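Subject: Structure handover

Hello,

Here is the structure we talked about. Please open it first, then read the notes below.

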Amino acid sequence: MDIHELSVRRDGVFTTREALDCGVSESAIARRVASGAWREVAHGVHLVAGHARGPRAQARIAVLSVHRNAVLGGAAAAWWLGLCSEEPRKHLVFTQTRGRARRSSATAVTRYRELHDDDIVVHDGLRTTAADLTVLEASVALGLSFMDSALLSGRVTPESLADVHTRHPKRHGAAQASAT
């Protein structure tokens with residue numbers, strides 16, 4: 001895939017590493033940034049000029065600004081996965097890297113979390129929590145009616161929610177979920 005196709009698929013957002021992997025040299029990257037063709041919107045994260053920094057681009061920037069293996073979670077992941085329609089103002093981003101996480105996006109809220117492979121999906125080219133964990137995380141902010149809606153739509157099951165709750169018993173909001 002070339003950098004133009006990647007930028008179209010990714011709302012104009014990509015990392016320096018992805019540009020290099022597409023065959024763009026470091027000097028070409030520097031020239032495009034200097035000319036204004038690309039903007040470095042976070043350390044190592046670029047936005048192509050002419051692409052709006054809309055909600056989808058901002059979600060990508062938030063995740064990519066933390067770590068290449070970071071994962072979008074919570075209400076932002078619910079929005080990204082189409083489980084709710086409200087665009088997020090903040091993006092919960094999980095990282096499995098201990099210590100101070102790099103956060104160059106003003107909208108990223110970073111939390112350390114060990115995630116199982118079953119808890120991560122790639123949707124529209126962005127790593128997010130899987131629907132089950134997303135519903136549990138987002139229901140803390142969006143309320144139990146959100147969880148009911150996800151159950152009624154068939155996107156999650158009571159068994160799948162119980163499984164993910166068992167895998168992450170100490171997550172934020174776990175006590176509240178246990179009480180319901």
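I began with the packing. Keep in mind that this is a predicted model. The largest nonpolar core has 33 residues, and L72, V93, V135 and F146 touch the most other members. Several elements give two or more residues to this core: α4 (55-66), β4 (71-73), α5 (74-80), β5 (91-95), α6 (131-142), α7 (144-153) and α8 (158-167).

Take L72 as a place to start. Leaving aside residues up to four places away in sequence, L72 touches A59, V63, A77, W80, H91, L92, L126, R127, T128 and T129. There is also a second, separate core. This one has 9 residues, L6, A19, I29 and W38 among them.

Next, the strands. β5 deserves a look. It is mostly covered, with 5 of its 5 residues buried. What covers which side? H91, V93 and T95 are buried on one face of β5, and L92 and F94 are buried on the other. Both faces are therefore covered, given that buried means under 20% relative accessible area.

β5 pairs with two strands, as follows.
- β4 and β5 run antiparallel and are joined by 3 bridges. V71 has F94 of β5 as its bridge partner.
- β5 and β6 (residues 108-112) run parallel and are joined by 5 bridges. T95 has Y112 of β6 as its bridge partner.

On cysteines, I can be brief. The structure holds 0 disulfides. C22 is partly exposed, at a relative accessible area of 22%. C84 is buried, at 19%.

Now the charges. Side chains of opposite charge can pair when their charged atoms come close. How many salt bridges are there? The count comes to 8. Three pairs are set out below.

D21 and R17 come up in a helix. They form a salt bridge, with the closest N and O atoms 3.1 Å apart. Both residues lie in α2 (residues 16-21), 4 residues apart, which is about one turn of the helix. D21 counts as exposed, at 56% relative accessibility.

E137 and R113 also form a salt bridge, at 2.9 Å from N to O. E137 lies in helix α6, while R113 lies in the loop between β6 and β7 (120-123), so the pair ties together parts that are 24 residues apart in sequence. Are these two residues buried or exposed? Both E137 and R113 are buried.

R167 and D119 meet in a salt bridge at 2.5 Å, N to O. R167 is in helix α8 and D119 is in the loop between β6 and β7, so this pair ties together parts that are 48 residues apart in sequence. The two ends sit in different accessibility classes, because R167 is partly exposed at 28% relative accessible area and D119 is buried at 1%.

There is a network too. D11, R56, R60 and D124 are joined into one by salt bridges that share partners.

If you want a route through the model, start at L72, one of the residues that touch the most other members of the largest core. Move on to β5, where both faces are covered. Then go to the loop between β6 and β7, which holds R113 and D119.

Best wishes

Definitions and conventions: Residues are numbered from 1 along each chain as its sequence is written. This is a predicted model: local features need pLDDT of at least 70, side-chain atom pairs count only at pLDDT 80 or more; totals for chains, interfaces and linings use all residues. Side-chain values use heavy atoms; hydrogens and water are left out. A nonpolar core is a set of buried Ala, Val, Leu, Ile, Met, Phe, Trp, Tyr and Cys residues joined through side-chain atoms within 4.5 Å. Buried means under 20% relative accessible area, exposed over 50%, partly exposed in between (1.4 Å probe, protein chains only). Contact means heavy atoms within 4.5 Å. Two strands pair if DSSP finds at least two bridges between them. A disulfide is a pair of cysteine sulfur atoms within 2.5 Å. A salt bridge is a side-chain nitrogen of Lys or Arg within 4 Å of a carboxyl oxygen of Asp or Glu.
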